[in-house]
Amino acid sequence: MAKNPSVLPSTSEKRSYVRQMFTKIAPRYDLMNRLMALGRDQAWRRTVIRLCALPTGGRLLDVATGTGDIAYEAQRQDPTLRAVGIDLTREMLVYGQEKQPAVGPALPFIEGDALALPFADDTFDAACSGFMMRNVVDIRSAFAEQARVVKPGGRVVCLEISLPSTPGFSQLFRLYFFKLVPLIGGLISGQREAYTYLPNSAVPLPRPAALAKTMEAVGLRDVHYRMAMLGTVSIHWGTK
Ligand SMILES: C[S@@+](CC[C@H](N)C(=O)[O-])C[C@H]1O[C@@H](n2cnc3c(N)ncnc32)[C@H](O)[C@@H]1O
């Protein structure tokens, strides 16, 4: 495992490093999310759901669901929707389970890998992921798997962090993201290493235009993206 989290884990170590890290931060994950995103993260998740363009009563796969925020919000918006959350880290799902609604159907959570989804081809009306791509070892395969399990005409939607390039704001954001986030994350979760890895994991991420090309390369069409929060968040979508 990488001792210095600003030095990212190697490809062979990354999967287990990521799982161990999310296991440690699971208890404080939701709180830190709201703080880091200045309360805007749920609005981005609502945009993801809208861009999934689900039919009433449709099937949604939330890949790397974590504590289930996207899937829960989708079910809240349409109680007839059949959403499923899948994630690599059991502990994240355990905290997600605690948020099951008192009424209505329970959200199924499955432990599994985004790079080998345990579903047949053409199963879902849409698949989405939130803040996952920078944690996987193969972004192209992750998109390909989502495209595989979505029905023809269905959407694949991706929410991710993006490092802004606007002069001035870029430096300010980097100060916040690379210095303040590890400090606050360390204080709140006791896991400063994890909150040092998280911003650093965004560095090798392809720029939004390149991410869109990767989606096209796995066969998705009509690929578009929009930026939010002054260019610090990207939302991509494409159709199978
Ligand atoms: C930053 S959290 C995002 C959780 C949730 N999507 C959200 O919007 O809050 C990233 C999640 O990706 C999961 N993850 C990382 N690599 C994965 C993989 N290969 N397959 C499935 N889940 C993965 C982690 O376990 C973690 O729960």
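**View 1. Around the ligand in this predicted model.** Which residues come nearest to the ligand? Out of a shell of 20, they are Ala-64, Gly-66, Thr-89, Ala-114 and Gly-130. Two elements each give two or more residues to this shell: helix 1 (11-25) and helix 4 (69-77). As for chemistry, the shell splits into 11 nonpolar, 6 polar and 3 charged residues.

**View 2. Helix 3 against helix 4.** Packed helices in general get described by the angle and the distance between their axes. Here the axes of helix 3 (residues 41-51) and helix 4 come within 9 Å, crossing at roughly 65 degrees, and the crossing is right-handed. On the helix 3 side, look for Gln-42, Arg-45, Arg-46, Val-48 and Ile-49. Helix 4 answers with Asp-69, Ile-70, Glu-73, Ala-74 and Gln-77. What's the mix of residue types in this contact? It comes out at 4 nonpolar, 2 polar and 4 charged.

**View 3. Inside the largest nonpolar core.** Nonpolar side chains tend to be buried together in soluble globular proteins. In this model, the largest nonpolar core holds 58 residues, and the members that touch the most others are Val-48, Cys-52, Leu-60, Ala-126, Ala-127 and Val-157. Strand 5 (residues 150-161) gives the most to the core, chipping in 5 residues.

**View 4. Zooming in on Leu-60.** Who does Leu-60 contact, once neighbours within four places in sequence are set aside? The list runs through Cys-52, Leu-54, Ala-71, Ala-74, Leu-81, Ala-83, Phe-124, Asp-125 and Ala-126. You'll recognise Ala-74 from the contact between helix 3 and helix 4.

Terms used: Residues numbered from 1 in each chain as written. Predicted model: local features only at pLDDT ≥ 70, side-chain atom pairs only at ≥ 80, totals over all residues. Core = buried A, V, L, I, M, F, W, Y, C linked by C-beta atoms within 7 Å. Buried ≥ 20, exposed ≤ 12 C-beta atoms within 10 Å, placed from the backbone. Helix = DSSP H or I, 4+ residues; strand = E, 2+ residues; numbered from the N terminus. Contact = placed C-beta atoms within 7 Å. Near = placed C-beta within 6 Å. Nonpolar A, V, L, I, M, F, W, Y, C, P; charged D, E, K, R; others polar. Axes fitted to C-alpha atoms, helices over the stretch in contact; angles between N-to-C directions. Left-handed = near helix turned anticlockwise from the far one by under 90°.
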